[in-house]
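Colleague: I am new to this structure and would like to learn how to read it. Could we go through it together?

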Amino acid sequence: MIAIIGVIAGLGASLLTDDSDSARVAKLQSDVATLNQMVSLYLADGGSLAGLTTPQTILDKMKRTRPQAEWQQHAGIVSGRLLDVRLRARMTTQPDNSNNPRVIWDRTKQRFVMTRAAGSAVSEFYLDDTLAGSDFGTETRTKSLITFNSSNSGWVWGTSVSNPAANYLDPQPFTSPTADPAFNPNDAAPTSSTPPADTGGGSGGGSGGGDGTPAQPTLALLPIPLVSPVGGTFAFGSFPASVTLSTGGAPTGVSTLMYSINGGAWQEYTGESIPVIPAMILQARNETARPAEYTTSLTNTQTYYRLTSGFSGTEEGSWGNAIGGSNLVTSIQNSGTTSTFKSGNTKLDLGNGQYLDAGVENSLSFTPASFNSITPNTWFDFGAMQILNGTTFYNSEASGVTLTVNLNLTQPAISVTTHIDLGLVSTTNTSDRLASADIVQLINPTTDFTVTIDGVQYRLELSWVSLDPSASVVQGNNLLIYEGATAAVELRARFTSNY
C-alpha cells in the first residue's frame, strides 16, 4: 500500500509539473505574438528599432511617446506609447532543466522568436510595479505609413500600395511581402464621415468597427490648472505672499490637482494658500484618475522673482591704464574727492629753442555721488564729470583710459569694484565745430559690476547726460566736446535686473 501511494504521488507531481510548464510556454507564446503585433504597429507608425540588440531595449523603446504637438498628425494611438511601462523581460543565460523554449530578438526579421538554444534569452515577460510611475521620454518619429485621408477625412489609408506594411488585422514583420486582403487601400471612401444617428434599437452600449472589433476611444486631455497670481518679476512691495490653484475647468472626480515647489516631490493640492518666497518655481498639473478616458494635463510652471527694495551706497573713483600715441604725456591726480586725468603736450616747437605753449591739455575729472534707495531699473546720478577739449601736439594725447570706481554699498551690504573704460578721440580742428569736437566714448556702457539678490542678477549700466548743450552733445554712447570748451557732464547709471 505504501509503495502504491508513493508511485501515485510521484505521477501526480510529474503531471503538475508538466501542466505548469505547458502554461508557462503557452503564456510565452501568447506574449510573443502580442509583442510582434506591437512591433509591427510601432514600425508602421514611423518608429525605428535599428541598432537595438536586447529584448529589454526593444520594450523600453516602444514605451516612449510622441511629443504632444504630433498627436493630431498621425493615425495611431494618441500618445504613441504601445506598451505598459511596467513590462519587463526576465533574462536567463541557459534553458531550464525541462529545456523549455525562451525568446530572443531577431534583428534581421525585426521580431521576437522562440528558441531552445543556449545563451542569453527571455524566460518570461512580466509586470514590474516599481516601474508604474516611470517616464521613458518622447521621440519624434518619421512619417507614419498610415495617415488620414485628406479628401475624405476620417478614413485611414495606407500611404503606398506597393508597401503594404499598414496592416490592422494581423500585423506582420516590416518586410512582409503581401498585405492582409482585409484591407484594400483602393476602396472608395464614404461620401460622409458623419456617423449614423443612434436609432435607439438593440441592446448593450458602445459601438465597434465594421469588422466587429470595438472602437478605440480618443482620450481627452485634461485642462491645464490655473495659478493665481501668475509668476513674474514683482516690485519689492508688490511681491505676493501666497498663491492659490484651481483645476482650470477639469470635470469633477476625474483628476487630482497636484503641485511641486522648486522641482520637489509632487503633492496633492487641498485648497490651502501656498506661501511664496523669492525665486520660487511652482508647477501644477491635473493628474488623471481615469487613465482610460483622460490624460494628465500639461504642466503650468510659474516663477516668482522679487526685485530688491533699493540700492544705497557711496563711491570712490581713480584713473589708470592710460593708452595713447608714441609721445603720450599724462598726469593723474587721484587724491581727494575729485580725481583728474590729463593728457597731451601743449608746447609747439617753433625751432631755435622757441616754443609756443597752448597752455591747456585735454582733461577729465570725476566727482562721485552718493545714492540712496535707488530702485532697480531707475536712472540716477552716478557722478559729475568736467571734460576739457584742449590743444595738444605731436600725437601726445591719450586714446583711452579706465575709471575705476569702488562701490561701498550699504544696501545690500557689499563692496564691489567696477571698471569704466573710456575711449578718447582727438579730431582735427576745422571750421566745422561739430566735426572738430573731441569724443569721449563709453566703451562698456554695461559695466562688469554684477550682484545677485533673491535669485535676480543686477548689472550696472551707464549713459551720458550733457548739462551744457553749448559745450557738448550726446550721440548714443559718445560724448562730443566742442574745441576749447569745458563740458559739464553727468554720468548717469542704473541697476538693471535680468528678470
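Colleague: Let's start with a pocket. Which residues lie nearest the centre of the second largest pocket?

Modeller: Happy to help, and please keep in mind that this is a predicted model. To read a pocket, begin with its lining. Here 28 residues line the second largest pocket, and Thr65, Arg81, Thr288, Thr295 and Thr296 lie nearest its centre. The elements giving two or more residues to this lining are β14 (280-288) and β15 (294-295). The largest share, three residues, comes from β14.

Colleague: How many of the lining residues of the second largest pocket are nonpolar, polar or charged?

Modeller: By class, that lining has twelve polar, ten nonpolar and six charged residues. The space in the second largest pocket comes to about 1000 Å³.

Colleague: Now the interior. Which residues have the most contacts inside the largest nonpolar core?

Modeller: For a core, look at its members and then at their neighbours. Phe382, Met385 and Leu422 have the most contacts inside the largest nonpolar core, which has 46 residues. Strand β25 (residues 398-411) gives the largest share of this core, six residues. A second, separate core has 20 residues, including Leu49, Leu59, Met62 and Ala89.

Colleague: What does Leu422 touch, leaving out residues up to four places away in sequence?

Modeller: Among the residues it touches are Trp319, Leu364, Met385, Val401, Ile443 and Trp464.

Colleague: And how many helices and strands are there in the protein chain?

Modeller: The protein chain has two helices and 32 strands. Of its 499 residues, 36% count as buried.

Technical notes: Residues numbered from 1 in each chain as written. Predicted model: local features only at pLDDT ≥ 70, side-chain atom pairs only at ≥ 80, totals over all residues. Heavy atoms only, no water. Core = buried A, V, L, I, M, F, W, Y, C linked by side-chain atoms within 4.5 Å. Buried < 20%, exposed > 50% of the residue type's maximum accessible area, 1.4 Å probe, protein only. Helix = DSSP H or I, 4+ residues; strand = E, 2+ residues; numbered from the N terminus. Contact = heavy atoms within 4.5 Å. 1 Å grid on protein atoms, 1.4 Å probe; cavity = no way out; pocket = protein on both sides within 12 Å on 5 of 7 lines; lining within 4 Å. Points joined across faces, edges and corners; volume = space filled by probe spheres on them. Nonpolar A, V, L, I, M, F, W, Y, C, P; charged D, E, K, R; others polar.
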